[in-house]
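Subject: Structure for your review

Dear colleague,

Please find below the structure that I am handing over to you. After it, I set out what was found.

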Amino acid sequence: MTVKAHIEHLYATESRRIYATLCRLLGDMDLAEEAMQEAFHIALLQWQQDGIPEKPRAWLVSTARNKAVDHLRREQRRHELLQQTPETENLTPVLDDSIEDDQLRLIFTCCHPALEHKVQIPLTLREVCGLTTEAIASAFLVSATTMAQRIVRGKAKIRKAQVPFDIPEARELPQRLDAVLTVIYLVFNEGYNRSSGDTVVAVDLIDEAIRLAKLILGLLPDPEVKGLLGLMLLHESRRAARLDASGDIVLLEQQDRSRWNRVLIQQGCDLVDEALASNDYGFYTVQAAISAKHAQAQNWQLTPWPSIIALYDVLLGIDPSPVIQLNRAVAIAMHQGPGAGLALVKPLLTEPSLKDYHLLYATYGEFLGQLGRTAPAIAAFETALSLTHQAPEQRLLRRKIAALQAPISKQ
């Protein structure tokens, strides 16, 4: 691997951790971002001559921090911040071990009660996890412009309120837990099923979400933390079977279950059982229980749909969202037939929050196609195709459209 390729790999896999550490050290998000970019630029020039350092991540953090301090002195900006920052020559070396938990610190900072709830989660997804504004907007079903404004507002609030970049005390953890778990959940979802791009999976986001959930569990062994971690492990257990050799999507009913990771399934199910036994569980635990039902079925035909529908009923009591209603409709269609599913999906077509949700139209098209209503099914799939920005999903929808069009072309 060339030095340039190595640096590009470091940027792709480590930049958000480096950024989080710089936020803690410098106390300013914008300054941290500028310093990090400068450090990577210096690395590209210096490592070509001197070679890659033994601990490249720590080198990048130290270099960025030193440059930031130099910048503060030179420009004589942010006077209070400069007073709080150690002299460059007295800075102690940054160790890799000290970087590991900085993303967790930044998550708690972005989820501080001083920020509006609708700002906390998008800000964390952008600053901690590096998701694009477009991907975050897609997850929240709002425009990219609206989401960009929220993120800018959140950063300004942190700066103005001087929110500390640190993990709160144990007594303060519960009030921030919901927002933190939502962030981890959305990061995992973006990794598990990308909102756009050429691939379905982003392994680095999946791994990071699971790592952060384990850190949270160590801080606060809450049932919902167990439920979320169990949910992610159960989904991750199917990774090897979700795509074929060409990178195309393999639907759940067609997956080779011998390729599912049984160790992760057992770990996930154990966490779900622990969370359920507490009788103090919520949204993530019930979702995990649904996933466990799928994971424990020996084959598609043995999927316990009545139990899954009952769990969706519980989930709707916790979060009566249109997306949960859509998922429940799919489960009912599997048990009672496409007509029953179609009756539940039709009202959702007028739901404003789902007007750009491609899975709604894909599900609608699936039920119509199964009922032999070819023309409206094709139209529904075409709508779904126009709304998705992920290449494998687009290929799947085109295959479904072609399959419906084939009998028509033979007539």
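Is E116 buried, partly exposed or exposed? With a relative accessible area of 42%, E116 is partly exposed, because that value falls between the limits of 20% and 50%. Please bear in mind throughout that this is a predicted model.

**Salt bridges**

E116 is a suitable starting point, as its side chain meets that of R153 in a salt bridge, with 3.5 Å from N to O. E116 lies in the loop between α5 (102-110) and α6 (117-127), while R153 belongs to helix α8, so this pair ties together parts that are 37 residues apart in sequence. R153 is partly exposed as well, at a relative accessible area of 36%. As a general matter, side chains of opposite charge can pair when their charged atoms come close.

The count for the structure comes to 17 salt bridges. One of them joins the side chains of D30 and R159, at 3.3 Å from N to O. This pair links distant parts of the chain, for D30 sits in helix α2 (residues 29-50) and R159 in helix α8 (residues 144-161), 129 residues apart. D30 counts as partly exposed, with 27% relative accessibility, and R159 counts as partly exposed with 41%. D30 and R159 also belong to a network of salt bridges that includes E127 and K155.

A further salt bridge is formed by E366 and K400, whose closest N and O atoms are 2.9 Å apart. E366 is located in helix α17 (residues 358-370) and K400 in helix α19 (residues 391-409), so the pair ties together parts that are 34 residues apart in sequence. The relative accessibility of E366 is 27%, so E366 counts as partly exposed. K400 has a relative accessible area of 21% and is likewise partly exposed.

**Nonpolar cores**

Which residues touch the most other members of the largest nonpolar core? They are L106, I184, I216 and M232, in a core of 103 residues. The element that gives the most to this core is helix α9 (residues 173-192), which supplies 12 residues. You may wish to look at I216 in the display: leaving aside neighbours within four places in sequence, I216 is in contact with L104, F108, L177, V180, L181, I184 and V225. Another core, of 23 residues, lies apart from the largest one and has A333, L348, L368 and A380 among its members.

**A buried arginine**

R176 is found in helix α9. Its relative accessible area is 6%, which means that R176 is buried, the limit being under 20%. What does the side chain of R176 reach? It comes to 2.8 Å from the backbone oxygen of F108. Not counting residues up to four places away in sequence, R176 touches F108, T109, C111, H112, P113 and P168.

**Aromatic pairs**

The structure holds 7 aromatic pairs. In one of these, F188 and Y192, the ring centres are 5.6 Å apart and the planes meet at 15°, so the pair is stacked. Both residues of this pair lie in helix α9, 4 residues apart, which is about one turn of the helix. F188 and Y192 are both buried.

W300 and W305 form an edge-to-face pair, with 5.3 Å from centre to centre and 75° between the planes. Both of these tryptophans are buried. In addition, Y185, F283 and Y284 make up one aromatic cluster.

**Cysteines**

How many disulfides does a search of the whole structure find? The search finds 0. Why is C110 not bonded to C111? The closest cysteine sulfur to that of C110 is the one in C111, and it is 6.6 Å away, which is too far for a bond because a disulfide needs the two sulfur atoms within 2.5 Å. Both cysteines are nevertheless shielded by the criterion used for burial: C110 counts as buried at 0% relative accessibility, and C111 counts as buried at 1%.

I would suggest viewing the salt bridges, the cores and the aromatic pairs in turn.

Yours sincerely

How values were computed:
Residues are numbered from 1 along each chain as its sequence is written. This is a predicted model: local features need pLDDT of at least 70, side-chain atom pairs count only at pLDDT 80 or more; totals for chains, interfaces and linings use all residues. Side-chain values use heavy atoms; hydrogens and water are left out. A nonpolar core is a set of buried Ala, Val, Leu, Ile, Met, Phe, Trp, Tyr and Cys residues joined through side-chain atoms within 4.5 Å. Buried means under 20% relative accessible area, exposed over 50%, partly exposed in between (1.4 Å probe, protein chains only). Helices (H or I, at least four residues) and strands (E, at least two) are DSSP runs, numbered from the N terminus. Contact means heavy atoms within 4.5 Å. A polar contact is a pair of N or O atoms within 3.5 Å; within protein, one must be able to donate a hydrogen and the other to accept it, and residues adjacent in sequence count only if both atoms are side-chain atoms. A salt bridge is a side-chain nitrogen of Lys or Arg within 4 Å of a carboxyl oxygen of Asp or Glu. Rings of Phe, Tyr and Trp (its six-membered ring) pair if their centres lie within 6.5 Å; planes under 30 degrees apart count as stacked, over 60 as edge-to-face and the rest as tilted.
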